[in-house]
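Hello,

Here is the structure for you to load. My notes on what turned up follow below it.

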Amino acid sequence: MPIDRAEQDPAVRALTELVTVLDSCMAELGGARVRAEKLLEERQSGRSWLDIVTTESRPLVVEQISSVMAALASAGGAWRREQAYALASEQVSINRIAAMFGVTRQRISALLRERARTAHA
């Protein structure tokens, strides 16, 4: 696919954004893992949960996890919608797309409707 066409392809843009978000989330989760290990060490040394949580620096590990989940849901949802639309634009049936995605045909129809709404917004 030539570069100028790729830049105009909404599925390519959504996938590029997903890759960016995945990289960011992996870095965030790596930091959260290190902090979680520190929390485990503190708990195993006998500190109370209240003491551990009230002295933990922000964002808390649970906040980091929530942030990552929200970012993945947003970018992943955009990619899923654009991928479904791209496949439908290539005349792939809703039933086949549903089978590829492992969801119902109703879910694919909903994704395509969501995509149409966001494209016109």
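I97 sits in helix α5. This is a predicted model, so please read everything here as computed from it. I97 has a relative accessible area of 0%, so it counts as buried; the cut-off for that label is under 20%. Leaving out neighbours within four places in sequence, I97 is in contact with A84, L87, A88, V92 and I108. Take I108 from that set. I97 and I108 are 11 residues apart in sequence, and their C-alpha atoms are 7.2 Å apart in space.

Next, the core around it. Which residues make up the largest nonpolar core? There are nine: A84, L87, V92, I97, A98, F101, I108, L111 and L112. Helices α4, α5 and α6 are the elements that each give two or more residues to this core. V92 is one of the nine. Not counting residues up to four places away in sequence, V92 touches L87, I97 and M100. Another core lies apart from this one. That second core has eight residues, including A14, L18, C25 and A75.

Now the helix pairs. Start with α5 and α6. Helix α5 covers residues 94-101 and helix α6 covers residues 105-120. They pack at an angle of about 105 degrees, and their axes are 8 Å apart. The angle therefore makes α5 roughly perpendicular to α6; that label runs from 65 to 115 degrees. From α5, the residues in this contact are I94, N95, I97, A98 and F101. From α6, they are R105, I108, S109, L111 and L112. By type, the contact of α5 with α6 splits into seven nonpolar residues, two polar and one charged.

The other pair is α2 and α4. Helix α2 spans residues 10-44, and helix α4 spans residues 61-89. Here the packing angle is about 160 degrees, with the axes 9 Å apart. How do α2 and α4 run, roughly parallel or roughly antiparallel? They are roughly antiparallel to each other, since that label applies to angles over 145 degrees. The crossing of α2 past α4 is left-handed. The residues of this contact divide into 21 nonpolar, two polar and three charged.

One residue of α2 to look up is L15. L15 has 36% relative accessibility, so it counts as partly exposed. L15 and T118 are 103 residues apart in sequence, while their C-alpha atoms are 17 Å apart in space.

Two backbone details are left, both in loops. First, where is the cis peptide bond? It joins R58 and P59, with omega at about -5 degrees. P59 lies in the loop between α3 (49-55) and α4. Second, look at Q91. Phi of Q91 is near 70 degrees, a positive value in a residue other than glycine. Q91 lies in the loop between α4 and α5. Is Q91 buried or exposed? Its relative accessible area is 68%, so Q91 is exposed; the cut-off for exposed is over 50%.

To recap, for quick checking in your viewer:

- I97: in α5, buried, and part of the nine-residue core.
- α5 and α6: about 105 degrees, axes 8 Å apart.
- α2 and α4: about 160 degrees, axes 9 Å apart.
- R58 and P59: joined by a cis peptide bond.
- Q91: phi near 70 degrees.

Best wishes

Methods:
Residues are numbered from 1 along each chain as its sequence is written. This is a predicted model: local features need pLDDT of at least 70, side-chain atom pairs count only at pLDDT 80 or more; totals for chains, interfaces and linings use all residues. Side-chain values use heavy atoms; hydrogens and water are left out. Axes are lines fitted to C-alpha atoms, for helices over the stretch in contact, and angles run from 0 to 180 degrees between N-to-C directions. Helices (H or I, at least four residues) and strands (E, at least two) are DSSP runs, numbered from the N terminus. Angles under 35 degrees count as roughly parallel, over 145 as roughly antiparallel, 65 to 115 as roughly perpendicular and the rest as oblique. Contact means heavy atoms within 4.5 Å. Ala, Val, Leu, Ile, Met, Phe, Trp, Tyr, Cys and Pro count as nonpolar, Asp, Glu, Lys and Arg as charged, and the others, Gly among them, as polar. A crossing is left-handed if the near helix is turned anticlockwise from the far one by less than a right angle, and right-handed if clockwise. A nonpolar core is a set of buried Ala, Val, Leu, Ile, Met, Phe, Trp, Tyr and Cys residues joined through side-chain atoms within 4.5 Å. Buried means under 20% relative accessible area, exposed over 50%, partly exposed in between (1.4 Å probe, protein chains only).
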